[in-house]
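Visitor: Pick one spot that deserves a close look and take me right into it. Once we've seen who sits around it, walk me outward from there.

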Amino acid sequence: MREQGKETGSFLRDFWYIGAWASEVTRKPMRRVIMNEPILFYQCEDGGVVALEDRCPHRNYPLSRGELIGDTIQCGYHGLTFGPGGQCVYAPGQDRAPAAAKLRSYPVIARGGIIWIYMGNPAEAANQSVPDLDWMTDPAWTSWIDGYIYLRCQHQFLTENLLDISHLAYVHKSSMGSDPDRIAASETTVTPLATGVRRRVRIADVPTPSIFSASALVNDRIDQWTESSMIPGLYQNHTHIKPASEISWEDIGEAPLQNRSFHAIIPETDTTTHYFHGGARLNVDVETITGERAHKILEEDVGVLEAIQQNEEFVGDRPLVNLRNDGTVMQWRAVLRGLQSSKAA
């Protein structure tokens, strides 16, 4: 059996994950399945956010098909009504609501236009830090959020795609791609972390990708330096671009073109994934990667990843061959095995 790094049916729940954009959670009940669990999101009258398991415990009818009454949610099947903490507060025709009618409530934190959700033991949520995206607020940068792609593939395919620099030359050849051999032979340093990996990639003297070519701050060839990190559910990336030269990165100071991005990889089921994305670009003479342009680039990965998932149904047990540039993925899989082992202990 080949090594795939899969977590099929068993997810790492003890981390904060992006559950929704704040713009999605309103006074209209919203359903989203995360890690095989149906979840109801809604906004309270004071603007607070509630996340409950999306089922009425009477007959498992989705509460997201019900009606908000103040800060409570009423089931559209038999009228049982639940408070923001998940306890049933009203059952038609009964003097008392059944004490056993209690729903799971998920810890949530609203920050910077993002609704973070903790899928593990609620008592442990306060001991885990929400990932830091404070760089999104730098006034020297133009930022964006609200990007979303629905992927019909298991989440690890997306995670490993983001950790693989060499596919840029082929999948993204019309936007971010450049010389395939120089990209594949890039100088790459990978550092394992307690819960993930950090990677540095330096690519020297390659033809300028079309996404940067309109800028007067670079010429027809560039040097590229990328710093990125991956933890369960979140990839962050910082790309620096300068004109190709003999001047080292240590001596040049700030690169004239820079982009940052975050990519949230949230399992929906064993074979489907929520892909949230946002980022920021340094305010310079051209728009490089922002908003809709970033979305179109990331959509180029969709057909590839979904085709792999479809092919897995036929060839899943056959061995894979790894290349030189797969070192980051191998390090990630090793960290993942450690996290899964500690969870099982």
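Guide: Let's start at S215, which is buried, with a relative accessible area of 4% (buried means under 20%, exposed over 50%, partly exposed in between, with a 1.4 Å probe and protein chains only). Before we go on: this is a predicted model, where local features need pLDDT of at least 70, side-chain atom pairs count only at pLDDT 80 or more, and totals for chains, interfaces and linings use all residues. Residues are numbered from 1 along each chain as its sequence is written, and side-chain values use heavy atoms, with hydrogens and water left out.

Back to the serine. S215 sits in the loop that links β13 (197-207) to β14 (221-231) (strands are DSSP E runs of at least two residues, helices H or I runs of at least four, numbered from the N terminus). Its side chain makes a polar contact with the side chain of D285, at 2.9 Å (a pair of N or O atoms within 3.5 Å, one able to donate a hydrogen and the other to accept it; sequence neighbours count only if both atoms are side-chain atoms). A polar atom of the S215 side chain also lies 3.0 Å from the backbone nitrogen of L217. Leaving out residues up to four places away in sequence, S215 touches L257, D285 and V286 (heavy atoms within 4.5 Å), and that D285 is the polar partner we just met.

Now for a second hydroxyl to set beside the serine. T72 belongs to strand β6, residues 72-74, and at 19% relative accessibility T72 counts as buried. The T72 side chain reaches the backbone oxygen of I69 at 2.7 Å. With residues up to four places away in sequence again set aside, the contacts of T72 are Y42, E67, T81, F82, G83 and V89.

One of those contacts, Y42, falls within β3, residues 37-43, which is a good excuse to look at that strand. β3 runs antiparallel to β2, with five bridges joining the two (strands pair if DSSP finds at least two bridges). R32 of β2 has I39 as its bridge partner in β3. The two strands form a hairpin with two residues between them, and M35 in that turn has a positive phi of about 55°. β2 itself, residues 30-34, is mostly covered, with four of its five residues buried.

Stepping on to β4 (residues 49-53), we find L52, buried at 0% relative accessibility. L52 and R337 are 285 residues apart in sequence, and their C-alpha atoms are 30 Å apart in space.

What about a helix? α1, residues 155-162, has eight of its eight residues buried: H155, Q156, F157, L158, T159, E160, N161 and L162. Q154 caps the N-terminal end of α1, with a side-chain oxygen 2.9 Å from the backbone nitrogen of Q156.

Last, the nonpolar packing. The largest nonpolar core has 55 residues, and F41 and F262 touch the most other members (a core is a set of buried Ala, Val, Leu, Ile, Met, Phe, Trp, Tyr and Cys joined through side-chain atoms within 4.5 Å). Apart from that core lies another, of 17 residues, with L168, V218, I241 and I297 among them.
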